[in-house]
Structures are given as structure tokens and as C-alpha cells.
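I opened the notebook to look up how one chain is built and how its neighbour meets it. My entries follow the order in which I checked things.

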Amino acid sequence: MAFKRYAYFNKGNKFAIVESEMSSTGGNTAVAHCTLGGYSTKDTCEAAGGQWIPSSTGSNSGAIEKYVSPRESVSDGIEIEYSYAPTFNLQSAGQNETDLHLFIGWGSDGTNLLLFTYATSDVKDLSSLFAADDWIYIKGSGRWSGLHQVKSAGSATGILTLKTRCNLKPSKITVTSNFTDTLHITAINTPNRTIINGFTDAQEYLSQPYIFVENAVDASNNGVFSVNKGVSNTDIKLTDKITISLVGDYTSTAASISNESSDEINIYNVFYEQMNVYEGIEVLQDESFELDLTEYQAQAVVYYLKAKLAEDMRDMEAREYFIKLFNKQMEKGSSSKKRGPYIAQGIF
Amino acid sequence: MTVEQIMERAGIKQTGLAVSYIKEALEEMANQHETHTQTERIDIVSGKRFYHFPKHASKILDIRCKNHDNTDSEYRSIPRSVYEPVTEDSDGI
């Protein structure tokens with residue numbers, strides 16, 4: 001694996017990863033030539049009294065370092081360590097297909113966040129697995145990792161709709177089209193071609209677009225596909241299909257679809273991410289919730305609540321007093337786990 | 001300790017109010033004292049510069065990259081750039 005050098009900076013609600021790239025300043029190079037016209041070799045040039053100017057190889061050039069967007073894809077290349085508020089307890093045993101479910105990617109219906117999955121050779125029925133208002137915990141998706149609530153029961157076509165707001169452009173289209181064995185989804189008429197054209201244009205910014213096909217008559221035509229970008233704007237050329245094997249491995253194989261005519265389908269814009277979705281989440285919403293805190297930390301929470309009550313009563317002196325107790329309690333709790341002197345260590 | 005026990009100690013009778021304040025306290029603890037931490041890995045995509053923070057992250061403690069300053073596939077902390085690079089991201093993603 002190549003040696004790399006990265007840096008990051010924050011921008012709004014995102015962070016940027018940039019990679020160091022060495023490049024040459026490259027001084028101007030000159031082609032070898034004679035000061036007299038008509039001579040192309042050093043010997044004939046000097047014999048005629050001219051001066052031969054050798055070619056320049058850029059000997060005055062130097063190397064500079066600059067930061068650019070990452071040059072190559074790295075699986076699990078970024079590791080973020082963060083703190084979070086323990087407002088939920090994960091009570092899942094993590095048994096695949098029981099309280100742990102694998103999803104292939106995420107997208108949007110224009111309003112809410114959607115998760116997509118597919119079985120080995122057929123759509124996956126989620127209707128008996130997820131009910132409306134269920135809490136789930138997503139792991140493995142950088143952006144959506146965390147707690148979410150299910151909006152409506154899982155669909156029979158492998159889509160799970162969450163209450164989390166998400167608006168993508170493009171998100172979803174409904175078109176009537178033909179599936180051909182050349183791996184094309186071709187719209188049947190001009191109005192449908194216009195819809196597909198708008199969809200593919202909006203996917204243009206993605207280096208590798210993916211789609212999820214729903215409601216195709218032939219089950220094998222449904223699922224998550226990678227798209228060959230730039231072939232045509234009025235039809236969609238598929239390349240690979242992402243499936244989940246019987247033992248729970250993500251598999252990408254060359255797409256194979258069945259010929260079908262005038263099939264009314266839904267196409268979603270998908271971001272391919274291998275996500276684990278856990279069920280069995282206990283969420284802080286009533287008095288029976290057991291907080292994942294030590295006794296010391298729980299006492300600090302009591303002080304915080306008293307501070308907020310004092311604030312509600314406009315008693316700022318009491319508020320400051322309890323906030324001070326809160327902070328002191330937290331510091332005492334964390335310092336009680338430190339033993340011995342600190343040792344200074346170099347950066348390497 | 002349960003929410004009910006905390007409510008009794010603090011002398012609050014309204015559950016909704018207590019839950020709201022407890023969530024606020026937990027958020028404050030996560031921000032100032034980092035009581036609960038977690039790591040999450042994200043793929044680096046060629047040409048993609050901007051990435052989202054995990055949804056439930058309260059405070060970022062470290063960002064590490066694979067093979068940063070090494071060739072052993074180790075994750076090492078990367079520095080924060082003071083300035084944005086002069087080379088703009090060509091596609092803005």
C-alpha cells in the first residue's frame with residue numbers, strides 16, 4: 001500500500017479530506033536548435049559558424065507539495081472517533097436475519113431517508129421485519145450511523161422508509177420502459193425519455209452512480225445496479241448488480257436482466273454503502289429507561305436538572321451553583337480513574 | 001440509574017420535561033467530558049473531497065486515515081489544514 005499524506009478541514013456540516021500530491025514546477029524546456037537557420041545537427045551548425053543551443057531538460061525545475069482531493073479510493077479509509085450522548089441502549093444480540101439486517105445502500109423518496117436491500121436472487125420482503133415507529137440503529141454508514149425511527153412498515157420490495165429527513169436530487173422517478181438483454185433500461189416514448197434524461201443528468205456529478213429498480217415484473221430486474229455513466233442520457237445502461245449472498249456477503253457481479261416490455265418501474269438514486277441495521281433499541285422516552293451512566297455521572301445529571309429548574313424559576317444564582325456542581329462532579333468522576341504521573345511522549 | 005430515580009432526586013414530576021432536560025445533560029456531558037465514545041469508518045472515494053459527520057456524533061475527537069505517513073495500513077491521526085487548498089474540488093462533492 002502506498003505511502004500517503006492526508007489533511008482535513010471543516011466546511012459547514014461536512015469535513016473535507018485532502019491528499020498531498022508532489023508535482024514539478026517544470027521550467028520551460030527548449031528544443032535543440034542552431035542560431036543559424038537551416039542546420040539541424042550540431043556539427044553542420046558549428047561548421048557554418050553558428051552556435052548550437054542544446055535542449056533544456058528543465059534542470060531548474062523543483063518539486064512542490066500541494067493538497068488535492070483524494071487520488072484513489074480506499075475502503076474504510078477514514079476513521080472518525082467521536083463522543084455521543086447515550087440516549088439509547090442497544091439490546092440487540094446481533095444475530096443476522098433476526099435482529100441484525102444487512103442493507104446495500106441509501107437514498108430518498110424526496111422527503112425521507114430510504115434504505116435498500118436485496119436478497120441473493122429476489123427482492124427481500126421486509127414487511128414482517130419492521131413496523132412503523134420501530135427504532136433502529138445504523139452502523140457502517142458514515143453519514144447515517146446512529147439512531148433512526150421507522151416511518152412505515154418495511155416494504156415487500158426491499159425498501160425501508162425512515163422518519164429521518166433526506167432530500168436528494170435526483171431521488172426517485174417512475175417510468176414505463178423496456179428491459180433489453182444489452183443491459184439497457186429504455187423508455188418507451190418521449191415523455192418517459194424526458195424523465196430518464198432528467199434523472200441521468202442529475203446523476204452526472206457522481207463518479208459511480210447506482211440505482212435501485214423496484215416493481216419490475218421480472219424479479220431479477222429489480223435490485224441495486226451500478227450504472228455505466230455517459231453512454232446515453234435517454235436510457236440507462238447497467239453494469240453490475242449488488243446482491244447479498246445466502247451467508248450474508250455483499251457480492252457484485254455482472255448484471256444480467258430479462259427482456260421485458262412496457263414495464264412500469266420505480267428507479268431510485270442509490271448511494272452504495274454496506275450498512276448494518278440493528279433492531280431491539282431502547283430509547284430514552286419514559287421513566288423506565290435505564291441510563292448507561294455511573295452513579296457519579298447520574299448524580300451530575302441530577303445537578304444539571306436542578307440547574308435547569310432554577311433557570312426556569314429565573315434564579316440565576318442557584319443555576320450557576322448547580323452548574324458548578326455538575327461540572328465538578330464530572331471532573332471528580334473522570335479524575336478518579338487516573339492514577340500515577342503523566343508521562344510526556346513524543347509525537348512518534 | 002433509571003429516569004424515574006433521577007426525577008425523584010431532582011424533584012421533577014413532569015416526565016416530558018425531565019426527559020428533555022436529561023437529554024440536554026447527556027449532550028452536555030458528551031461535549032464537555034466525552035463520557036461515551038465510538039469510532040466509525042468511511043470509505044475514501046477517489047475525487048470525493050467532502051464527507052458527512054456521523055449523524056449522532058456530538059464532538060469529533062480524532063480523524064485518522066489509513067496509510068497516512070505509513071505503508072503498513074495503519075490508521076494515524078491526520079492534521080487539520082489551516083487554509084483550504086488553493087486547488088478547488090473540481091466537482092464540488
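I read chain B along its sequence and noted the pattern α-α-β-β-β-β. That gives two helices and four strands for chain B. I keep in mind that this is a predicted model.

Next I looked up the overall dimensions. I found a radius of gyration of 20 Å for chain B, where a compact globule of 93 residues would have one near 12 Å. I then took the box along the principal axes: the C-alpha atoms of chain B fill roughly 55 × 30 × 25 Å.

I turned to packing. Of the 93 residues in chain B, 33% are buried. I also looked at contacts in chain B with a separation of 6 or more, and 31% of these come from residues 24 or more positions apart.

Then I went to the strands that cross between chains. Which strand of chain B pairs with β6 of chain A over seven bridges? I found strand β1 of chain B, residues 37-44, set against residues 74-83 of chain A. The sense is antiparallel. For a register point I noted A:S83, which stands opposite B:T37 in β1(B).

I followed β6(A) further. Strand β3 of chain B, residues 59-66, is also joined to β6(A), by six bridges. These two strands run antiparallel as well. Here I picked A:I80, which stands opposite B:I63 in β3(B).

My last entry puts the two pairings together. Strand β6 of chain A pairs with β1 of chain B and is bridged to β3 of chain B.

Methods: Residues are numbered from 1 along each chain as its sequence is written. Chains are lettered from A and ligands numbered from 1 in the order in which they are written. This is a predicted model: local features need pLDDT of at least 70, side-chain atom pairs count only at pLDDT 80 or more; totals for chains, interfaces and linings use all residues. The radius of gyration is taken over C-alpha atoms; the globule rule is 2.2 Å times the number of residues to the power 0.38. A residue is buried if 20 or more other C-beta atoms lie within 10 Å of its own, exposed if 12 or fewer, and partly exposed in between; C-beta atoms are placed from the backbone. Two residues are in contact if their C-beta atoms, placed from the backbone, lie within 7 Å. Two strands pair if DSSP finds at least two bridges between them.
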